[in-house]
Structure formats: structure tokens, C-alpha cells
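Thanks for coming, everyone. I have one structure to show today, and I will keep it brief. Please look at it on the screen before I start.

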Amino acid sequence: MRRAVAGVWNVSEGSYLPALVLVAACFFVGGVTGCLLASCVDGSGREQLSAYVDSFLRSAITDGLELPSLAAQIWDMMRWPLLALLLGFTALGLLGLPLLFAVRGFLLGFSIASFIQLFGSSGCLLAFLLFGLSGAISVPVLFVLGVQSFAAARGLAGYTGQNNRAARLPYGRAYLRRCGLCALALCVCVLLERVAVPPLISGLAQTFLC
């Protein structure tokens, strides 16, 4: 059993390392851009964001944190990894995956930086509760799927026929097992957001308002 699980992650460094470097760079650039843009938000935009978050926290104190439907929460958690997975079945993934990681990094960076700008050090804790607990699992999952999808897309781009030995497509058992393990990890993320995050935010909401 241990040997089988280890085999899932036993990948060729030569084929996956360039993909990892590329998507990580896109994610990083997107995140830095999001942080810089969040620092530039002021005036009415900042007031509207502050009012929205303030209303959200006060509602969490009085009525508890209202959860979205399970289907909506699953879609919100699965959409980025699912898109990364689908892009691995087309050569367009060579362009789509870097853009996907840049956008994901931008949105995450902008959200975290906005909370820190509004609440200071308390905003770090709020951002961790909202994005960090599940993000500690969902972001690595996105990288696993994105890296193997980029390698697959690169193989498709170089594939010209069955006799082309230079193009080796990675759709094997290990590929599918990694997808399955990632799906299980995302289910854990959904469980965390429904069971652990709401009581933590409701219990600490007053701290963020002070």
C-alpha cells in the first residue's frame, strides 16, 4: 500500500519541473499584483469594502455565519482545480494554465491584502480563517493538477501521430490516482469550511470589529 501511494507521486523531474516553475511564477506574479492593487484601493471603494465586511462580521455575531448551499460550496471549491484538470486534455492548456494560475494568485492576493489593509494585524487572522484553512489544501491541489495538466498539454502540442515517440502522454494510472487523491483532499476542504470555519469566525468576529 505504501509503495503504491509513493508511486503516485514518483514523477519525472525533467517533465514536471519546468511546468512547476512556470505556474508558480504566474501564481506569484498574480498574487503580488493583487496585493499592490489592494493597497491602491481607497476612497469610496475602500469604504464599500469595509462596510460589507463589517456587515458580514456583525451578522456572524448576531445570527451566526450563514452557510451557502452544499452544491454552491462544492462548486466554489472545485471550479479552479476542475478547470486546471480540463485544460490538461487540450493543447490550449499551454496558454490557459499560466493565465489560470495568474488569475487565481491575483484574486487570493487581493483578498488577503484587503483584509490586512482594513483590520491590520487582526486582518491576518481573519484572512487565515477565510482562506488559509482550506487554502492550505486547495492551493497545493491546484498546483498538482495544474503541473500535470501543463505537462499533458505540452505532450498534446507535440503529438503528431501514434509513431511519435518524442511525445509521451501521461494519462496513466498514476495520473488518474493523483486526480482521485486531489478530489478527496478537496472534499476535506469543503468539510472544513462547513464545520470548522463558521464557529471560528462567529466566535472571533467581535475581535475583528474592535
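I will go from the overall fold to one helix, then to a few single residues.

First, a caution. This is a predicted model. Please keep that in mind throughout.

Now the fold. The protein has 8 helices and 0 strands. Reading from the N terminus, the order is α-α-α-α-α-α-α-α. The protein has 210 residues, and 34% of them are buried. Take the contacts with a separation of 6 or more: 84% of these join residues 24 or more positions apart. The accessible surface is about 11,900 Å². Carbon and sulfur atoms hold 67% of that surface.

On to helix H4, residues 70-86. How does its length compare with what we should expect for 17 residues? At 1.5 Å a residue, H4 should span 24 Å, and its end C-alpha atoms are 23 Å apart, so the two agree. There is a kink in H4, though. The kink is about 45 degrees and sits at methionine 78. Proline 81 follows shortly after that point.

Which residues of H4 are buried? They are Gln73, Met77, Trp80, Pro81 and Ala84. So what do they pack against? The partners are helix H5 (93-119), helix H6 (121-157) and helix H7 (173-195).

H4 also carries a salt bridge. The count for the model is 1 salt bridge. Its partners are aspartate 76 and arginine 79, side chain to side chain, at 2.9 Å from N to O. Why is the spacing along H4 of interest here? The two residues are 3 apart in the helix, which means about one helical turn between them. In general, an α-helix has 3.6 residues a turn, so residues three or four places apart point the same way. Both partners are partly exposed: aspartate 76 has a relative accessible area of 38%, and arginine 79 has 36%.

Now the surface. A nonpolar patch of about 510 Å² is formed by Trp75, Leu82, Leu86, Phe89 and Tyr171. One of these, phenylalanine 89, sits in the loop between H4 and H5. Is phenylalanine 89 buried, partly exposed or exposed? Its relative accessibility is 46%, so it counts as partly exposed; the exposed class starts over 50%.

Next, helix H5. The 27 residues of H5 should span 39 Å at 1.5 Å a residue, and the end C-alpha atoms are 38 Å apart, so this helix agrees with expectation. Just after H5 comes glycine 120, with a positive phi of about 65 degrees.

Within H5, look at proline 98. Proline 98 has a relative accessible area of 12%, so it is buried. What does proline 98 touch, leaving aside neighbours within four places in sequence? The contacts are Leu22, Cys26, Gly93 and Phe150. Alanine 19 is 79 residues from proline 98 along the chain, and their C-alpha atoms are 9.4 Å apart.

Last stop: threonine 207, in helix H8 (residues 197-209). Threonine 207 is partly exposed, with a relative accessible area of 42%. Leucine 57 is 150 residues away from threonine 207 in sequence. In space, C-alpha to C-alpha, the two are 9.8 Å apart.

To sum up: 8 helices and 0 strands, a kink in H4 at methionine 78, and 1 salt bridge. Questions, please.

Definitions and conventions: Residues are numbered from 1 along each chain as its sequence is written. This is a predicted model: local features need pLDDT of at least 70, side-chain atom pairs count only at pLDDT 80 or more; totals for chains, interfaces and linings use all residues. Side-chain values use heavy atoms; hydrogens and water are left out. Helices (H or I, at least four residues) and strands (E, at least two) are DSSP runs, numbered from the N terminus. The expected span of a helix is 1.5 Å times one less than its number of residues. The bend at a residue is the angle between axes fitted to the seven residues ending there and the seven starting there. Buried means under 20% relative accessible area, exposed over 50%, partly exposed in between (1.4 Å probe, protein chains only). Contact means heavy atoms within 4.5 Å. Patches are made of residues with over 30% relative accessible area and no salt bridge: like charges are joined within 9 Å, nonpolar side chains (Val, Leu, Ile, Met, Phe, Trp, Tyr) within 5 Å. Accessible areas come from the Shrake-Rupley method with a 1.4 Å probe; for residues, only the protein chains shown count as cover. A salt bridge is a side-chain nitrogen of Lys or Arg within 4 Å of a carboxyl oxygen of Asp or Glu.
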